[in-house]
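Please look over the sequence and the model below. The paragraphs that follow go through a few of its parts in turn.

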Amino acid sequence: MANFLQPPRLRIGEDTEEERHATWLELFYDLVFVVAVSQLAHNLNEDISLSGLFGFVVLFIPVWWSWIGTTFYANRFDSDDVGHRLLIGIQMLTAAAMAINIHHGLGESSPGFAISYALGRAVLVIEYVRAGRHIPSARPLTTRYAIGFAIAALLWLISASVPIPWRFGFWTLGIIIDFATPLKGHKFQVGLLPHASHLPERFGLFTIIVLGEAIIAVVNGVSEQKWDTLTVISAIFGLIIAFSWWWVYFDNLGGKPIETARTEGKVGVVNLWLYTHLPLVIGITAAGVGVEQILLSKATLALPDSQRWLICGSVALCSLAVSILHRFGVIRYCKIRSQYRLGGAVVLLAIAIFGKGLLPVAVIALVAVVSAIQVVQDLYQSRPTTRLVDPEI
């Protein structure tokens, strides 16, 4: 049972930090974003083109950033009182409204999408003001965040009354301010770094959400096709792709960047962790759409260029993002793994470029093999004898 009224409390720091896991409220909150990500994937599924991909990314960014805002606030200042629960409930409503407006989010529904996003950010501003009132040591950070996010929210709110295409100029400026606010406040983050066990779990849970789209894609694709041999084989390869990247990501996940930032004062590695997850989750979601497109295509005809580029390019983006995370120690620091991820991205792009004329099953098989090789490499590098030889693994 929640306390009726309990002020926000500092949940981080060497003296107050304890082992934490996602709360039931956070897991409930995530359900709205399962729907939002599904709607984003549906949009891309209906328009596999450069303009469709651009629209998918444009709408994905504010949806993801809404989740990030609530997650980072709860990571530092969560208090399970009635006030906090009600504010989260309002944020769930705004996120649900964003999901509703995604289908025509760059057209007739764009005012509703903008207003929904702005209202969600306004609630976040209220939360930061509330935290600053009750936690003086956090006030410099909460004040900066409240001001930056409030300005961005105002721009999004104004955009709803501005005609297209000028509306999207306000969106761009608003999201730039949103993204820049944590970067400009890095000196205030040193003493208020995120929780070392809670944040990796929360990032992992959002990654699970987007990986779930790949599983849904396999089910949808197979259910709408006749159960022939090539379709079943393609579905198995689609599952191998999802399983491989689940393995690669979660086998290397940890709170090392936060611990490094705390001991060495390097806040940049935490921000790198944050922003590099954006291309990662975009890539995973798009890969799910790519798998579904392959399963719905004619098994005996060459895979169209747009679909080949979608599956290869999206998985290549995942591989590149994980390579960066490895290279800078955001997840397990390992130069060899970073090089393999980068090499995998290059191979996948080569398949996209030179794979014209390949059957759908051949394309998805090649992507699955490249993905599985990443897992094999990790297993090889994790051998006890290898770890003794190379301490960076």
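Is Leu93 buried or exposed? Leu93 has a relative accessible area of 61%, and because the cut-off for exposed is over 50%, Leu93 counts as exposed. This is a reading of a predicted model. Leu93 belongs to helix H3, which covers residues 82–100. A distance gives some sense of scale: the C-alpha atoms of Leu93 and Ile351 are 42 Å apart, with their positions 258 residues apart along the chain.

A second distance starts from Phe28, a residue of helix H1. Its relative accessibility is 47%, so Phe28 is classed as partly exposed. From the C-alpha atom of Phe28 to that of Ile88 the separation is 10.0 Å, although the two residues are 60 apart along the chain.

Helix H1 also takes part in the salt bridges. How many salt bridges does the structure hold? There are eight. One of them joins the side chains of Glu26 and Arg202, with an N to O distance of 3.5 Å. This pair links distant parts of the chain, since Glu26 is in helix H1 (residues 24–46) and Arg202 is in helix H8 (residues 198–223), 176 residues apart. Glu26 has a relative accessible area of 7% and is therefore buried. For Arg202 the value is 1%, so Arg202 is buried as well.

Arg202 has another partner. Its side chain meets that of Asp30 in a salt bridge, at 2.8 Å from N to O. Here again distant parts of the chain are linked, with Arg202 in helix H8 and Asp30 in helix H1, 172 residues apart. Arg202 and Asp30 are both buried.

A further salt bridge is found between Arg341 and Asp378, whose closest N and O atoms are 2.5 Å apart. Arg341 is in helix H13 (residues 335–354) and Asp378 is in helix H14 (residues 360–381), so this pair ties together parts that lie 37 residues apart in sequence. Both Arg341 and Asp378 are buried. Which residues are joined into one network by salt bridges that share partners? They are Glu26, Asp30 and Arg202.

The next stop is the surface. Ile115, Leu119, Leu154, Leu157 and Ile158 make a nonpolar surface patch of about 410 Å². Two elements give two or more residues to this patch: helix H4 (110–134) and helix H5 (139–159). Which of them provides the largest share? That is H5, with three residues. Leu154 is in helix H5.

Helix H5 has a buried part too. Among its buried residues are Leu141, Thr142, Tyr145, Gly148, Phe149, Ala152, Leu155, Trp156 and Ser159. Several of these positions are three or four places apart. An α-helix has 3.6 residues a turn, so residues at such a spacing point the same way. The length of H5 can be checked as well. At 1.5 Å a residue, its 21 residues should span 30 Å, and the end C-alpha atoms are 30 Å apart, which agrees.

Phe149, one of the buried residues of H5, also meets a charge. The charged end of Arg121 sits over the ring of Phe149, at 4.5 Å from the ring centre.

After H5 comes a loop that leads to helix H6 (166–184), and Pro165 lies in that loop. Is the peptide bond from Ile164 to Pro165 cis or trans? The bond is cis, with omega near 10°. In general, most peptide bonds are trans.

The last topic is the aromatic side chains. By the rule used here, the count is 27 aromatic pairs. One pair is formed by Trp246 and Trp247: their ring centres are 6.5 Å apart and their planes stand at 80°, so the pair is edge-to-face. Trp246 has a relative accessibility of 36% and so counts as partly exposed. Trp247, at 24%, is therefore partly exposed too. Elsewhere, Trp67, Phe72, Phe203, Phe206 and Trp273 form one aromatic cluster.

How values were computed
Residues are numbered from 1 along each chain as its sequence is written. This is a predicted model: local features need pLDDT of at least 70, side-chain atom pairs count only at pLDDT 80 or more; totals for chains, interfaces and linings use all residues. Side-chain values use heavy atoms; hydrogens and water are left out. Patches are made of residues with over 30% relative accessible area and no salt bridge: like charges are joined within 9 Å, nonpolar side chains (Val, Leu, Ile, Met, Phe, Trp, Tyr) within 5 Å. Accessible areas come from the Shrake-Rupley method with a 1.4 Å probe; for residues, only the protein chains shown count as cover. A salt bridge is a side-chain nitrogen of Lys or Arg within 4 Å of a carboxyl oxygen of Asp or Glu. The expected span of a helix is 1.5 Å times one less than its number of residues. Buried means under 20% relative accessible area, exposed over 50%, partly exposed in between (1.4 Å probe, protein chains only). Rings of Phe, Tyr and Trp (its six-membered ring) pair if their centres lie within 6.5 Å; planes under 30 degrees apart count as stacked, over 60 as edge-to-face and the rest as tilted. A charge sits over a ring if NZ of Lys or CZ of Arg is within 6 Å of the ring centre and within 35 degrees of the ring normal.
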